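The following paragraphs lead through two sheets, the helices packed on them, and a few individual residues. Please keep the model in view while reading.

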Amino acid sequence: MHRLVPEWSVQDAIQLTWPHADGDWAPMLGAIEATLEQMALVIARYQSLVIGVTDEATRRCLEHRLIQRGAEPERLHLVVVESDDTWARDHGPLATREGDALRMHDFVFTGWGGKFPADRDNRLTQALDGAGLIACDVVSHDLVLEGGALETDGQGTLLTTEACLLNPNRNPELSRADVEARLAETLGIERVLWLAHGHLEGDDTDSHVDTLARFCDPSTIAYVRCDDPEDAHHAALAAMEAELKALRQPDGSPYRLIALPWPQACFDPEDGHRLPATYANFVIINGAVLVPTYADRRDLDALAALAEAFPGRDIIPLDATTVIRQHGSLHCLTMHWPAGTLARTDKSQGATP
């Protein structure tokens, strides 16, 4: 039986899509490039990177900068591809494994239900495959689906939200049962755990689960808890917490739940709207976890909570205050490629899972 590969499995690479001057990042291009460079340098200490860039000049310049700052050249796989935006978690491929056989799955990306241009992002996985970077079969599907909407235990269970996967702006012709059937067919999902509550103000994704609750291993879920009764999120997140406590593992036992702290409200400096700061948008890589921080007193509490969730991994804080200006965070910027999916992988990698 094929299974959607969990993020904590051994990885070949992390995929990033580099911003460009004619995109939404234009007013803060230098700041987001600095954040992404720092992220890339950290990831390159542990494993390879696949980075989609907009032109050959950017490819050469970025590769030079990363190597000059210490990245090993054999871990950098930069390729010129067209893109609309930077959110690789949602336009990148999803991987399944059946025995030793791997497949990459290319779903339809519509800019979160048609909110933003997405035609180039929707073609990006095929472009990476055409560039020879993917070492396994790539299967295309007509289902609208984003990686940030899915959390798996790697054993056939999926955690997701009704607000996203059942939203009529994604697959309006499909019922809940239809969606579950398509997930079973394409990704080997046997059991779907639906969250009916939970949202973040400023989120464009219709409540992607990776902003709210995350599998850390097959029996552990880290989730955001709002401890401020005066905050507009309090009631919905309390209801989500109750839902998580009621969920059961396949053997009938409850999940181990790890509450993540609630950062102080972050607001856009230009027009004052609230930004979706969340510690749940962490990134699991080989031997480490990258944790978004917000120059907040609760940052240290988040690092401690995730150290409990991921014993044996390095817990690395990365400033995400620029990233949330475009309503995402670290996990949204990345897509993991499990071991066996990257062509020309650095065979000397010895990172631990």
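Strand E17, residues 288-293, runs parallel to E18 and is joined to it by 6 bridges. Strands and helices here are DSSP runs numbered from the N terminus, with at least two residues for a strand (E) and at least four for a helix (H or I); two strands pair if DSSP finds at least two bridges between them. The model is a predicted one, in which local features need pLDDT of at least 70 and side-chain atom pairs count only at pLDDT 80 or more, while totals for chains, interfaces and linings use all residues. Residues are numbered from 1 along each chain as its sequence is written, and side-chain values use heavy atoms, with hydrogens and water left out.

Within the pairing of E17 and E18, Val291 stands opposite Pro317 of E18. Both strands belong to an open sheet of 3 strands with the order E16-E17-E18 and mixed pairing. Its edge strands, each pairing on one side only, are E16 (283-285) and E18 (314-319). On average, and with direction ignored, neighbouring strands of this sheet are turned by 25 degrees against each other. Axes are lines fitted to C-alpha atoms, for helices over the stretch in contact, and angles between N-to-C directions run from 0 to 180 degrees.

Two helices pack on this sheet. Helix H1 (residues 29-44) touches E16, E17 and E18, and its direction makes about 165 degrees with that of E18. Helix H10 (residues 299-309) touches E17 and E18, and its direction makes about 150 degrees with that of E18. Contact, here and below, means heavy atoms within 4.5 Å.

H1 also meets another helix. Its axis and that of helix H2 (residues 56-68) come within 10 Å and cross at roughly 55 degrees. H1 is therefore oblique to H2, given that angles under 35 degrees count as roughly parallel, over 145 as roughly antiparallel, 65 to 115 as roughly perpendicular and the rest as oblique. H1 passes H2 in a right-handed crossing; a crossing is right-handed if the near helix is turned clockwise from the far one by less than a right angle, and left-handed if anticlockwise. H1 contributes Glu37, Ala40 and Leu41 to the contact, and H2 contributes Leu62, Arg65 and Leu66. These residues divide into 4 nonpolar, no polar and 2 charged. In this division Ala, Val, Leu, Ile, Met, Phe, Trp, Tyr, Cys and Pro count as nonpolar, Asp, Glu, Lys and Arg as charged, and the others, Gly among them, as polar.

The second sheet is also open, with 4 strands in the order E1-E5-E6-E7 and mixed pairing. E1 and E7 are its edge strands, each pairing on one side only. Helix H8 (residues 176-187) packs on this sheet and touches E1, E5, E6 and E7; its direction makes about 140 degrees with that of E6.

How do the strands of this sheet pair? Strand E1 (residues 3-4) is antiparallel to strand E5 (residues 94-98), with 2 bridges between them. Arg3 stands opposite Arg97 in E5, and Leu4 has Thr96 as its bridge partner there. E5 in turn pairs with strand E6 (residues 101-108), again in the antiparallel sense, over 5 bridges. Glu98 stands opposite Ala101 in E6. The hairpin of E5 and E6 has 2 residues between the strands, and in it Gly99 takes a positive phi near 65 degrees.

Val138 is located in strand E7 (residues 137-144). Leaving out residues up to four places away in sequence, Val138 touches Met104, Asp106, Thr125, Gln126 and Asp129. One of these, Thr125, lies in helix H6 (residues 124-130). Thr125 is buried, with a relative accessible area of 0%; buried means under 20%, exposed over 50% and partly exposed in between, using a 1.4 Å probe and protein chains only. With the same sequence neighbours left out, Thr125 touches His91, Gly92, Pro93, Asp106, Ile134 and Val138.

Two residues that are not glycine have a positive phi. Trp112 has a value of about 60 degrees and sits in helix H4 (residues 111-114), where it is buried at a relative accessible area of 7%. Asp206 has a value of about 65 degrees and lies in the loop between strand E10 (191-195) and strand E11 (213-217). Asp206 is likewise buried, with a relative accessible area of 19%.
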